[in-house]
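Subject: Handing over the structure

Hello,

Here is the structure I promised to pass on to you. Have a look at it first, and then read on for what turned up in it.

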Amino acid sequence: MAQSEAEPGVRGKRGGVRRRRPYSTYLRRPSCLKPAADRSVVVAAVQDGEVVVDRRIPTHLVVMVNGIIGSASDWKYAAKQFVRKRPEDFVVHCSNCNYSTLTFDGVDVMGKRLAKEVMSVVAQTPGLQKISFVGHSLGGLIARYAISLLYEKIVPNCSSDENCQCEYQSAGNKDINDKIKGKIAGLEPMNFITFATPHLGSRLHKQIPVLCGSYKLEKLAYHTCQILGRTGKHLFLKDKDNGKPPLLLQMVSDYGDLRFMSALQSFKRRVAYSNVCNDFIVGWKTSSIRRQNELPKRQDFMKNSEHPRIVYIEKPTSVDVPQTDFSVISTHECKTMDEMEEAMINGLNRVPWERVDVSFRKSKQRFFAHSTIQVKTYLINSDGADVIFHMIDNFLL
């Protein structure tokens, strides 16, 4: 899965414009990480003393989404582990459409880009049946927006050209509606997983640990958030386009034509991985979708010999989610920050979440916890491998 030499639209050393190829893995065998027309995997087994060869095509698409000022290569290590562990099951696609300063364009704009990219991958990859999303930091919010666009949408026919533009559209008749009901991009939604994602935004008290809980510093950050473009306004709940509530408040309900929560509910499993400490970018509350008094106490942390960085696991209170009217929460009435926080927590918790708390407290890499949790760069984030293995070991196939 080698990344090309230059970003799309960036000039190379000789002045030519080079375009980066989609950062995907279409697999034939564990050691082959380059795109290939034949994605089948040869699996051999011994039955009754004879070798039986089974040729399988992976049917589960895993979409991995990077965070702010990131790129597709941020998920390189995790993608390789998926490939090596279950080559016969997964097609791994590291999203390539939002990178570098493009991540300042706003959650909605990036979500639309991701939705179109996923539709293109699905259209060009025959045999897919299931889909999962894994997002780091801002990538989790981008994925939440994208699935609202992909929810119960038709996958158009698309050429094999990597530059083809695929538009998502609603079904037109009852038979097709029944076929794609509850699906994402026409596929069965399985896992929706976030790593250190600011689900409650960054504006609330102590949501950015580097500010040390200082209201003066948080106020300064709020007033200077425009340096991150529209994304900064969304994260600090400062956007009020056309009198609408901030985008992150809209995203805890089915708002207008965008069915944010219905799409999230459609996944069989939702998991929030959070850093307990030393994540100076995203706080524990916002990444685990909890109130302050709901955070586990240190004396309750467990010892896990298999995954030592995992210190606490909170299983969802219920597995089967009844059909819910996700439009009932009124976000227009939220005036104070406490009311906004409560609305987002209540809204998101209308579907069950599994919460996995991670600690790098005794690690030499603890000061890079925000990147270590996803193993952004193996050389300086290798201690996060334990967390990646935990995700893969518990992944619904």
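At 34% relative accessibility, E294 is partly exposed. Its salt-bridge partner is R291, with 2.7 Å from N to O, and R291 is partly exposed as well, at 22%. Please keep in mind that this is a predicted model. In total, the structure holds 16 salt bridges, and two others are worth a visit.

One of them joins R309 and D383, whose closest N and O atoms are 3.4 Å apart. R309 sits in the loop between α9 (284–288) and β15 (310–314), while D383 belongs to the loop between α12 (378–381) and α13 (385–393), so this salt bridge ties together parts that lie 74 residues apart in sequence. D383 has a relative accessible area of 24%, so D383 falls in the partly exposed class.

The other is between E314 and R355, with 3.5 Å between the closest N and O atoms. This pair also links distant parts of the chain: E314 is in strand β15 and R355 in strand β16 (residues 354–358), 41 residues apart. Is each partner buried or partly exposed? E314, at 25% relative accessibility, is partly exposed, whereas R355, at 6%, is buried because it falls under the 20% limit. The pair does not stand alone: salt bridges with shared partners connect R290, E314, R355 and D357 into one network.

Since R355 and D357 both point us to β16, let me stay with that strand for a moment. Five of the five residues of β16 are buried. In a regular strand, side chains alternate between the two faces of the sheet. Here, E354, V356 and V358 lie on one side of β16 and R355 and D357 on the other, and all of them are buried, so both faces are covered.

Which strands pair with β16? Strand β14 (residues 269–275) does so in the parallel sense, over five bridges, and β15 in the antiparallel sense, over four bridges. On the β14 pairing, A272 stands opposite R355. On the β15 pairing, R355 is the bridge partner of E314. E314 and R355 are thus linked twice, by a salt bridge and as bridge partners in the paired strands.

Now to the aromatic rings. A search of the whole structure gives 12 aromatic pairs. In the pair of Y77 and Y378, the ring centres are 5.1 Å apart and the planes meet at 25°, so the two rings are stacked. Y77 is in helix α1 (residues 76–85) and Y378 in helix α12, and the pair thereby links parts of the chain that are 301 residues apart. Y77 is buried at 15% relative accessibility, while Y378 is partly exposed at 47%.

F133 and F267 make an edge-to-face pair, with 6.1 Å from centre to centre and 80° between the planes. F133 is in strand β8 (residues 130–136) and F267 in the loop between α8 (260–265) and β14, 134 residues apart. Both F133 and F267 are buried. There is also an aromatic cluster to look for, formed by W75, F195 and Y273.

If you want one place to begin, try R355: this buried residue belongs to the salt-bridge network with R290, E314 and D357.

Enjoy exploring, and best wishes

Key: Residues are numbered from 1 along each chain as its sequence is written. This is a predicted model: local features need pLDDT of at least 70, side-chain atom pairs count only at pLDDT 80 or more; totals for chains, interfaces and linings use all residues. Side-chain values use heavy atoms; hydrogens and water are left out. A salt bridge is a side-chain nitrogen of Lys or Arg within 4 Å of a carboxyl oxygen of Asp or Glu. Buried means under 20% relative accessible area, exposed over 50%, partly exposed in between (1.4 Å probe, protein chains only). Helices (H or I, at least four residues) and strands (E, at least two) are DSSP runs, numbered from the N terminus. Two strands pair if DSSP finds at least two bridges between them. Rings of Phe, Tyr and Trp (its six-membered ring) pair if their centres lie within 6.5 Å; planes under 30 degrees apart count as stacked, over 60 as edge-to-face and the rest as tilted.
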